[in-house]
Amino acid sequence: MTNTGIALVTGATAGLGRAVATALAEHGMHVLVHGRDADRAADVVGRIEKAGGTAEAYLADLASLAQARELADRVSADHGGLRLLVNNAGIGAGRPPYRRRRLSGDGHELRFAVNYLAPALLARRLTPALREGAPARIVNVGSVGQAPVDFADLRMDTGYTGAQAYYRSKFALAAFTFDLADELAGEGVTVNCLHPATFMNTHMVREAMMPPMSTVGTGARAVLNLAAGPAGGAVTGRYFDGESEARAHEGTYDPAIRARLRAVTAELLEPFLGG
């Protein structure tokens, strides 16, 4: 993959996303900086441009599937071919004791909505643009923390903890990655996911009151390995721990679980996929 073309990075106004956006611009890509706050997005764009790169801001709250759809449609309308989608935006486990459950405006458990449903919707809506920009890549930023989804209680009405909600959303993202990779095989679009680094020094980790163990730079290098390095173009449907290929939760490879998740996801996203 030549390091040119257009890249959309979600959650690019702080932490890992900002580092990835900056690095991609240094690699020669035109970076679409997604965030919720206009000033913070403009600041990242300004930093990139000051360093000699090119970028522009796109605002959306990914807790709203309507806004996620609008983001994808604006990107497609403005740019046509897309070379790279980095689904980085997410919500962590939260502050201990992790027991405050929140629902999105669409009525979904918030972490499931932001960490899974929004990335899945963006990938689906942007698939035509990625095909047009092929060879192209989707990189889903996941986590080593994964736990099977309870299909009978997607909103986690019982037994809720923020940590468990986070783990379930990342399990779903990994399983979706493998499914979409199979679907797009041979079409010039690779789809991979990764755990970038353990307890990076980010707001998400500090909010969870965890002592940082890794730098943001370490995580950014792992994402760049798939986003712009040879590895991300050579394989698809894989899970990486840092820069090394690894195994996700075994349940993410289970055909029955993936089929169930595929059906549930299609039902939840159907109102936002048409048109």
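These questions and answers walk through pockets, rings and a helix in a predicted model.

User: Which helix gives the largest share of the lining of the second largest pocket?
Analyst: The second largest pocket has a volume of about 150 Å³. Helix H4 (110–132), helix H5 (162–183) and helix H9 (255–273) each supply at least two residues of its lining. The largest share, seven residues, comes from H9.

User: How many charged residues are in the lining of the second largest pocket?
Analyst: Among the lining residues are Arg 124, Asp 179, Arg 258 and Arg 262. Leu 261, Leu 269 and Leu 273 also line this pocket. The lining divides into seven nonpolar residues, one polar and, as asked, four charged.

User: What is the volume of the largest cavity?
Analyst: Rolling a probe the size of a water molecule over the atoms shows where empty space is left. A search of the whole structure finds one cavity of 30 Å³ or more. The volume of the largest cavity is about 60 Å³.

User: Which helix gives the largest share of the lining of the largest cavity?
Analyst: Residues lining this cavity include Glu 109, Phe 112, Ala 165, Arg 168 and Ser 169. The lining divides into five nonpolar, one polar and four charged residues. The largest share is three residues, and they come from H5.

User: How many aromatic pairs are there, and are the rings of Phe 112 and Tyr 116 stacked, tilted or edge-to-face?
Analyst: A pair of aromatic rings is described by the distance of the centres and the angle of the planes. The count comes to four aromatic pairs. The ring centres of Phe 112 and Tyr 116 are 5.2 Å apart, with planes at 50°. That angle is neither under 30 degrees nor over 60, so the pair is tilted.

User: Where do Phe 112 and Tyr 116 lie?
Analyst: Phe 112 is buried, with a relative accessible area of 6%. Tyr 116 is buried too, at 1%. The two are four residues apart, about one turn of the helix, and both lie in helix H4.

User: Are the rings of Tyr 166 and Tyr 167 stacked or edge-to-face?
Analyst: Tyr 166 is buried, with a relative accessible area of 13%. Tyr 167 is partly exposed, at 32%. Their ring centres are 6.2 Å apart and their planes stand at 65°. Planes over 60 degrees apart meet the cut-off, so the pair is edge-to-face.

User: Which residues do ring pairs link into a cluster?
Analyst: Tyr 116 and Phe 176 both line the second largest pocket. Phe 112 lines the largest cavity. Ring pairs link these residues into a cluster: Phe 112, Tyr 116 and Phe 176.

User: Which residue lies over the face of Tyr 253?
Analyst: A charge counts as over a ring within 6 Å of the ring centre, given a suitable angle to the ring normal. Here the distance from the ring centre is 3.8 Å, and the residue is Arg 247.

User: How many of the 12 residues of H7 are buried?
Analyst: Helix H7 covers residues 216–227. Its expected span is 16 Å, and its end C-alpha atoms are 16 Å apart, which agrees. Buried residues include Val 216, Gly 219, Asn 225 and Ala 227. H7 is largely enclosed by the rest of the structure, because the buried count is nine.

User: What distance separates the C-alpha atoms of Ile 91 and Phe 112?
Analyst: Ile 91 is found in the loop between strand E4 (84–87) and H4. Ile 91 is partly exposed, with a relative accessible area of 25%. Ile 91 and Phe 112 are 21 residues apart along the chain, and their C-alpha atoms are separated by 9.1 Å.

Note on methods. Residues numbered from 1 in each chain as written. Predicted model: local features only at pLDDT ≥ 70, side-chain atom pairs only at ≥ 80, totals over all residues. Heavy atoms only, no water. 1 Å grid on protein atoms, 1.4 Å probe; cavity = no way out; pocket = protein on both sides within 12 Å on 5 of 7 lines; lining within 4 Å. Points joined across faces, edges and corners; volume = space filled by probe spheres on them. Nonpolar A, V, L, I, M, F, W, Y, C, P; charged D, E, K, R; others polar. Phe/Tyr/Trp six-rings, centres within 6.5 Å; stacked < 30°, edge-to-face > 60°. Buried < 20%, exposed > 50% of the residue type's maximum accessible area, 1.4 Å probe, protein only. Lys NZ or Arg CZ within 6 Å of the ring centre and 35° of its normal. Expected span 1.5 Å × (residues − 1).
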